[in-house]
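Okay everyone, thanks for coming. I'll put the sequence and the structure up, and then we'll walk through it together.

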Amino acid sequence: VSSMFVVYLLEWWRWTADEPSAASLVVELWPAARAAARWQMDRSAESGLPTRLVDTYDGLRLSRYNVSCFSALFHLLAMAAARELALSPPVRDAAFAAECDAALARGRAAMDALLWVEGRGYYRSYTGGEALMSDSLYAQVLADTLGLGALTSDAQVTRHLAAVLQRNDSPYGLLCQTGRYPLPAGAGADNSIWMMANPNWASLSLRRGGDPHKALSVVNKTFGWVRDTLADQWNVVAVYGGLGYGAEGLPAANSHYGYHLVAWHLLFALTGQVYSARSRSLTFAPALRGRFELPVLVPAVAATLSRGSDGECTLAVAAAGSASLVLHTLSVDGVAPPAGVLPVKLAPGQRVSWGGGAGARTKVTLSSLKPVD
């Protein structure tokens with residue numbers, strides 16, 4: 001909870017800094033966010049990573065162990081987010097930002113020393129064992145969406161993902177955790193499918209240049225099972241049965257739950273979108289090659305990003321149901337519109353296209369949506 005309070009405040013600032021009340025809210029809540037980050041540091045005094053924390057995977061009871069990978073990564077995320085807030089114009093607390101940098105560096109070193117298993121290429125789930133948790137890197141998904149970069153290293157994340165898919169896969173999705181008990185070991189949190197792991201695996205893979213078809217097939221294993229075999233999208237539960245105890249793939253716990261909604265991050269992973277309301281910056285690093293059209297997620301704006309067969313990119317704001325989009329920076333894979341195009345204000349029904357063989361075209365009116373009688 002303490003780590004996510006810091007993250008939510010940074011998310012608020014990144015997405016709404018252009019609103020009149022944004023800076024005042026950051027100033028109001030910064031003392032609480034600073035205290036939350038300080039609590040994380042104090043809890044990590046012994047080794048550089050927090051000890052014996054409860055997390056959303058409460059069924060695994062990872063708080064029994066000195067350090068868990070899941071909570072350790074959230075600590076690194078909190079330090080990275082707190083640093084960004086400390087350096088933001090409403091706060092300007094350079095001294096605390098330096099403390100966050102130091103805590104982040106110490107935490108990264110501890111990740112390697114305590115949790116990284118070099119010979120097998122994965123982060124152990126907790127100290128004192130060799131268990132492998134499928135969703136232990138969830139905090140990195142959040143860091144990617146916020147544009148905070150790698151909390152450890154992309155190479156380690158990529159190796160970890162490969163180990164998870166090789167060791168924890170099942171016909172219904174990724175088993176929550178392997179290596180603590182021999183499987184099958186009856187019903188239990190380890191031998192079950194929690195609905196965050198598959199979409200988070202895909203988001204992490206896409207952000208690191210993984211094959212999009214493979215990544216989306218990992219998501220579709222769990223989502224397709226619920227959609228096509230169980231045929232129950234109305235009641236997506238948190239946990240489905242694992243292997244060897246007669247409830248394989250069947251609903252096991254917490255009806256109408258929201259774990260699967262972490263798939264929201266897949267949209268950001270597919271487009272590689274990073275947005276800053278303060279700098280009015282919108283950049284993309286799409287995971288897809290060739291032609292595509294994908295949604296753009298910016299507050300109050302309904303827009304799409306597309307790329308044609310000739311490589312031309314188009315950012316289009318919907319003709320209805322959207323506010324205008326003002327940008328000072330815009331690029332796809334580092335390629336920006338030609339000089340003179342930016343800054344640009346795209347009103348509803350307008351688009352800007354650049355790259356490819358067509359050159360730059362700005363403010364081309366889209367067809368308006370006609371009301372339905």
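Let's start with a hunt: in which loop is the place of Asp333? Have a look while I remind you that this is a predicted model. Found it? Asp333 sits in the loop between S14 and S15. Its phi is near 50 degrees, so a positive value, and this isn't a glycine. As for accessibility, Asp333 comes out at 37%, so we call it partly exposed.

Stay in that loop for a second. S14 covers 329–332 and S15 covers 344–346, and Pro343 is in the loop between them too. The peptide bond leading from Leu342 into Pro343 is cis, with omega near 0 degrees.

Why point these out? Because most residues other than glycine have a negative phi, and most peptide bonds are trans.

There's another positive phi to show you: Arg92, near 55 degrees, and again not a glycine. Arg92 is in the loop between H3 and helix H4, which is 94–115. Its relative accessible area is 63%, and since anything over 50% counts as exposed, Arg92 is exposed.

Now zoom out. The chain has nine helices and 17 strands. Along its principal axes, the C-alpha trace spans about 60 × 55 × 40 Å. For 373 residues, you'd expect a compact globule to have a radius of gyration near 21 Å, and this chain has 22 Å, so that agrees. Of those 373 residues, 53% count as buried. And if you take contacts between residues at least 6 apart in sequence, 58% of them join residues at least 24 apart.

Okay, inside we go. The largest nonpolar core has 119 residues, and the ones with the most contacts inside it are Leu77, Met111, Leu282 and Leu315. Helix H3, residues 69–87, gives the largest share of this core, with 14 residues.

Take Met111 as an example. Skipping its neighbours within four places in sequence, its contacts include Leu73, Leu76, Trp116 and Tyr123.

Last thing: what angle do H3 and helix H5 pack at? It's about 25 degrees, with the axes 7 Å apart, and H5 is residues 138–146. Under 35 degrees counts as roughly parallel, so H3 and H5 are roughly parallel to each other. On the H3 side, the contact uses Phe70, Leu73, Phe74 and Leu77, and on the H5 side Tyr138, Ala139, Leu142 and Ala143. Sort the residues of that contact by type and you get eight nonpolar, no polar and no charged.

That's my tour, thanks for listening!

Note on methods. Residues numbered from 1 in each chain as written. Predicted model: local features only at pLDDT ≥ 70, side-chain atom pairs only at ≥ 80, totals over all residues. Heavy atoms only, no water. Core = buried A, V, L, I, M, F, W, Y, C linked by side-chain atoms within 4.5 Å. Buried < 20%, exposed > 50% of the residue type's maximum accessible area, 1.4 Å probe, protein only. Helix = DSSP H or I, 4+ residues; strand = E, 2+ residues; numbered from the N terminus. Contact = heavy atoms within 4.5 Å. Axes fitted to C-alpha atoms, helices over the stretch in contact; angles between N-to-C directions. Parallel < 35°, antiparallel > 145°, perpendicular 65-115°, else oblique. Nonpolar A, V, L, I, M, F, W, Y, C, P; charged D, E, K, R; others polar. Rg over C-alpha atoms; globule rule 2.2 N^0.38 Å.
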